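Grab a pencil and work through these exercises with the model in view. Each one sets a task and then walks through a solution.

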Protein chains: 2
Amino acid sequence: MSDLLRRLRERGWRLTAQRRVIAEVLDGEHVHFTADEVHARAVARLPEISRASVYNTLGELVALGEVIEVTTDGRAKRYDPNAHQPHQHLVCSGCGAMRDVRLAGDPLRALPEDERFGFVVSDVTVTYYGRCPECGAGDLREASGAD
Amino acid sequence: MSDLLRRLRERGWRLTAQRRVIAEVLDGEHVHFTADEVHARAVARLPEISRASVYNTLGELVALGEVIEVTTDGRAKRYDPNAHQPHQHLVCSGCGAMRDVRLAGDPLRALPEDERFGFVVSDVTVTYYGRCPECGAGDLREASGAD
DNA sequence: TCCTATATTGGACTTTGTCCAAGTCAAGAT
DNA sequence: ATCTTGACTTGGACAAAGTCCAATATAGGA
């Protein structure tokens with residue numbers, strides 16, 4: 001059983017076949033599937049699994065901090081199981097493919113060659129998240145480097 | 001007439017009432033409306049303007065580099081007319097409100113107090129954009145399975 | 001004023017995601 | 001091993017955001 005499944009069990013999760021399959025799909029490096037991609041891969045192992053269960057489970061994993069939800073373009077969100085190691089993302093503006101990258105030095109400087117994965121990098125954005133004065137404190141996201 | 005409209009005319013744009021109204025809506029600082037918000041404000045001045053025209057015009061403004069399209073959460077894209085001055089964004093994870101911020105020093109360090117706009121900042125993301133080896137250079141958006 | 005390429009429109013359609021009532025099942029209790 | 005129960009799953013309806021298209025209107029040059 002994967003580390004993820006063990007941690008989930010320790011947190012009182014009921015280990016259903018659906019959750020097991022989703023956890024299996026989300027195993028590996030540079031995995032950044034959309035919900036539909038997760039569903040397609042889950043169906044290959046458990047044909048009757050529903051889209052709703054995939055959305056439910058992904059949402060729970062995000063809430064638990066086991067998976068990071070990434071929105072880069074205006075299309076489907078992607079789910080990154082590499083939640084326990086701070087990193088940034090390199091995104092293809094053509095097909096949406098993503099890679100995990102680690103920063104060294106000033107983020108606004110060029111990515112090191114060995115972190116480019118063959119991409120031609122053309123842009124970098126920095127976005128801060130928080131709560132505005134009207135919204136106040138609420139379901140805060142976890143910091144991954146912000147003070 | 002605004003600077004924006006003058007630049008557009010210089011580029012050969014036909015200055016329709018719809019485009020004029022949209023340009024007026026997109027005037028000011030810290031303006032980050034969604035397409036629907038732009039539409040609502042445009043309708044107040046030109047009741048018969050359609051959603052399609054708002055989407056068309058915003059898309060054209062983005063292609064011309066006069067407006068920046070920002071996707072921060074999984075919700076509607078926002079359109080930032082502050083395209084000629086490099087800056088980053090501060091986003092409320094509650095309501096989606098956005099502020100323009102300027103970096104000083106290491107982006108992963110805390111935002112300076114005077115750039116926080118009363119927000120409680122909890123996270124920062126750095127994302128690089130480019131073209132992956134399969135997509136190569138170019139502007140075409142070809143959907144293919146990511147990864 | 002006329003002409004016509006360009007722009008606009010409404011509505012159908014797609015993608016992505018949420019919500020819900022009803023049925024199912026994991027796992028602790030017996 | 002079986003029972004019980006509340007958490008989990010399901011399919012389908014629904015919603016938000018955005019795209020596409022054929023028909024219509026119009027800005028701006030001739």
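**Exercise 1.** Is Arg51(A) buried, exposed or partly exposed?

*Solution.* Keep in mind that this is a predicted model. Start by finding the residue: Arg51(A) sits in helix α4 of chain A. Next, look at the neighbour count, which is 13 C-beta atoms inside 10 Å. A residue needs 20 or more to be buried, and 12 or fewer to be exposed. Arg51(A) therefore counts as partly exposed. While you're there, look at His39(A): it is twelve residues from Arg51(A) along the chain, and their C-alpha atoms are 6.3 Å apart.

**Exercise 2.** Find out which element gives the most to the surface near DNA strand D.

*Solution.* Begin with the whole set: 25 residues surround DNA strand D. The closest include Thr16(A), Gln18(A) and Lys77(B). Now sort by element. In chain A, α2 (17–25) and α4 (51–64) each give two or more residues, and in chain B so do α3 (35–45) and α4 (51–63). The top contributor is α4(A), with four residues. To finish, split the surface by class: you get nine nonpolar, nine polar and seven charged residues.

**Exercise 3.** Work out the strand order in the open sheet of chain A.

*Solution.* Take one pair to begin with. β1(A) and β3 (residues 78–80) of chain A run antiparallel and are joined by two bridges. In one of these pairings, Thr34(A) has Arg78(A) in β3(A) as its bridge partner. Then look at the edges: β1 (33–34) and β2 (68–70) of chain A each pair on one side only. Put together, the order is β1-β3-β2, with antiparallel pairing.

**Exercise 4.** Describe how the two domains of chain A meet.

*Solution.* First mark the bounds: domain 1 covers 1–84 and domain 2 covers 86–147. Their C-alpha centres are 21 Å apart. At the contact, domain 1 of chain A supplies nine residues and domain 2 of chain A supplies eight. On the domain 1 side, those residues are one nonpolar, five polar and three charged.

**Exercise 5.** What relation takes chain B onto chain A?

*Solution.* Rotate chain B by 180° with 0.0 Å of shift along the axis, and it superposes on chain A with an RMSD of 0.1 Å. That's the relation of a two-fold axis. To place the axis, look for Val126(B): in chain B, its C-alpha is the nearest to the axis, at 2.3 Å. Finally, check the interface. Of the interface residues of chain B, 96% are also interface residues in chain A, so the copies meet through the same surface.

Key. Residues are numbered from 1 along each chain as its sequence is written. Chains are lettered from A and ligands numbered from 1 in the order in which they are written. This is a predicted model: local features need pLDDT of at least 70, side-chain atom pairs count only at pLDDT 80 or more; totals for chains, interfaces and linings use all residues. A residue is near a molecule or strand if its C-beta atom, placed from the backbone, lies within 6 Å of it. Ala, Val, Leu, Ile, Met, Phe, Trp, Tyr, Cys and Pro count as nonpolar, Asp, Glu, Lys and Arg as charged, and the others, Gly among them, as polar. Domain bounds come from an automatic or database domain assignment. Two residues are in contact if their C-beta atoms, placed from the backbone, lie within 7 Å. Two strands pair if DSSP finds at least two bridges between them. Copies are superposed by least squares on the C-alpha atoms of residues with pLDDT of at least 70 in both.
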